[in-house]
Amino acid sequence: MQRNTLRNWSLLLGATVALAFPVASSAQLTKYDLEKTLNTEAHVGNLTGHAKDGAADYRRYCVGCHGELGDGNGENAVWIDPKPRNFQLGVFKCRSTPTGTLPTDEDLFDSIARGFDRSNMPQWSNLTKQERVDLVAWIKHFSPRYISDKAGTPIQIAPEPAVTPERIKAGRDVFARVQCWKCHGVLGQADGPSASTLTDDLGRVILPFNFHEGARPKCGDTDQDIYRIFMTGLDGTPMPSYADNIKPDEAWDLVFYLRTLMSQKSKEKDMAKTLGLKPVDPNAPAGQQ
Amino acid sequence: MHVSSSSSLRKPFPSLLSLVLFLGFVVLACTPSANALPAFARKYGLRCSACHESWPMLNYFGQKFKDNGYQLMNDRDSPIWQNPGYWPVTFRIIPLWHRVSTGKVPIDTYSGGAISGSQIQKITSSGFDLSGLDFHTGGTLEKNFSFYVLPSSDATASFHFETVMARLDNLFGSSWLNLKLGKFELDNLLSEKRILTLTGNGGIYQLYHFTPVGDGNIFGQMGDNQLGLEVMGHSWNDRTRYSAALLSSNDGNVGLPYGNAYTGFFAASQAFDAGKLGVQRVGFYAMAGEAPTYWLTQGGALFGGANGTGPAAIGNKSFSREGFVGQFYFGQHVDLQVVTQHGEDSAWFGQGYGDLIDGVAGSNNVPGTTLPAGSQNPTWNGVLLEPHYIYSPQLIFIGRYETIRMSQQANGSGYAGPAGPSASNLGNISTYTIGYRYNPFMTSRAGFAWHNEYNWLHQDGTGPLVGLNNTNINTSELLLGFDFDF
């Protein structure tokens, strides 16, 4: 009788270890872990969001892609490209904060309403502002980064200067100097020599933005949004921050030049046409575009 | 919410019905997720709950998706982004059990094996049954070009086209200009085609189909899909929306045998952000038109005119329906849908002229016809209140109260026809519906609901004659079913 009891305990212990090992070897959070952060808050303007209040909307709208645990493994994830965001990692593309830092609550709040073109993330503009800020709190509660780190300080965006032909030409020089063309291609058609080699931080194939297709840039399509994208970088992707390589004045020049590559009508495009502006020449000596 | 086995045994089940409900719940709670791929969910990878308050009723996001021409506006709406094997089709059917009870039905009485007379009795029947079958197919043909085709059958698989329409969206780059042509549902914010209830009387909105007793106008039924052209527009976030439709006055029936008459339907609404309460919406609708009261031909020849008004007359008579619509949310669990209506038909319809489609009209309008003295336009007012309690996206409790009150009868106090003046309450309706829908799983692949509902309807003066007066009539229906689509 005693021997049988001992054997049963051994089997139970073995089974427990066998089952526990894969869980322990993974960094994935469990529901138990997430219960500790249910008091997470988010603040946007005068609104305060509470994680618990965002749970129902998350379950209704988001869970199919982002998963119960916010790990991007909802039942649809396998069918979706690009893949849903893994909120547990606390890494976000669209931020107003420097590369490597957490986004502000407002960044996440705006992303929910804006959606992401060319992805399965729609614009959730049907939600009230309160519902969105509650969802931001719920999203934050998935990531341990929000326990240890604070959101970064938003970068300063210099006042936008007037567009001139000289600035557009100068923007082309910046495009050549920091080698945007290597990924985005000389015409902005996402066909640069490095385009086919790109992967994100999780090793998944990723494509550079195609300026020519008419899609909205993922993180917003105002001039300020575009400026912000290359000054903060898109964390988790091969798109780095150029804050250390491009001065604010040059950044505006680059914004104006990028507008000439887009299919949408713009005054920059008209000026480039008048100028007879040619695409960058990758083989031209530095500073001689 | 675990219930111990000992506690569940404390009380015996009060009835067989309780046992059926309990067993149904247990079976459904154990049902595994399906792996089907219904149309829009398969395309976009969103769960049913993203677009539906409870399937099939749309929520705000689903309404926005529909208003955008079945597009998420994420630049992936065109079918060229889909696997070439993708075909946006979904079918829906409901196997069910129901029990229908109708009060005051005249039945034969027997004496000595022979019919000796008749008496009025309540009749109750029950049994297993099927709903009709719907094949929904819809989506985008290209960015900003969309369609919807819905062959629909009755329970005997006799099919008709319930919806056939093509739509152009965002004309001139503006969300305020979208065009729809074909047979489609009118822009009713509280959609009867997406109703959450299934019984014979509870499965429709009485307000959308009401006609006074003896009225021959079947053309003003807002709940029926109609043939026509609709222009609609909305703000980018769908907070503000409007629609204007020009419809053939033929109640959605194809062909042109019913004369040349048109109806207009206009609707507009505005939504407001109410913080934690949710987004509230208020709006109104108006339907006004004319419908024929006689055939265009008579005896194979063109009809010569009507009512002594000359050969140009086409016998069209007018009708109108208008009302207020409100969608009020009280947090994430409770909402209230409200529709009101004031309706009016021409006195000609009130006297039974006009229903040329199914031939039920008492008589057709012929030259020289005049209405009996005291004939007047029947008018009525109604209200529909539908509260929901959404425990979770998988479980919703539904209630509904509708009442319609005649404010003016077709046969007025001085009516000189053989039927005499009508009682002021003739045709008044009150109906209550309660029910719940439980979805044992919620994925982006298929829809399945355990549906249980009870409806009770009361109408004044439409029962059999007792003495000189028609009696009031009550009907009720209990329904249990599996509502699924794939």
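A residue counts as exposed if 12 or fewer other C-beta atoms lie within 10 Å of its own, and as buried if there are 20 or more. Keep this in mind for the exercises, which use a predicted model.

**Exercise 1. Locate A:Ala162 and decide whether this residue is buried or exposed.**

Step 1. Find the residue. A:Ala162 sits in the loop that links helix H6 (145-148) to helix H7 (165-177) of chain A.

Step 2. Count the neighbours. A:Ala162 has 7 other C-beta atoms within 10 Å.

Step 3. Apply the cut-off. The limit for exposed is 12 or fewer. A:Ala162 is therefore exposed, with its 7 neighbours.

Step 4. Look across the sequence. A:Phe256 lies 94 residues from A:Ala162 in sequence, and their C-alpha atoms are 9.7 Å apart in space.

**Exercise 2. Describe how helix H4 of chain A is covered and what its buried residues pack against.**

Step 1. Take the helix, residues 105-114. Of its 10 residues, 7 are buried, and H4 is mostly covered.

Step 2. Name the buried residues. They are A:Asp105, A:Asp107, A:Leu108, A:Phe109, A:Ser111, A:Ile112 and A:Arg114.

Step 3. Find their partners. The buried residues pack against strand S1 (41-44) and helix H5 (129-140) of chain A.

Step 4. Check what follows the helix. A:Gly115 comes after H4(A), and its phi is positive, near 70°.

**Exercise 3. Describe the contact between the two domains of chain A.**

Step 1. Set the bounds. Domain 1 covers 33-148 and domain 2 covers 165-275.

Step 2. Count the residues in the contact. Domain 1 of chain A gives 15 residues, and domain 2 of chain A gives 15 residues.

Step 3. Sort the domain 1 side by class. This side has 5 nonpolar, 4 polar and 6 charged residues.

Technical notes. Residues numbered from 1 in each chain as written. Chains lettered and ligands numbered in written order. Predicted model: local features only at pLDDT ≥ 70, side-chain atom pairs only at ≥ 80, totals over all residues. Helix = DSSP H or I, 4+ residues; strand = E, 2+ residues; numbered from the N terminus. Contact = placed C-beta atoms within 7 Å. Domains from an automatic or database assignment. Nonpolar A, V, L, I, M, F, W, Y, C, P; charged D, E, K, R; others polar.
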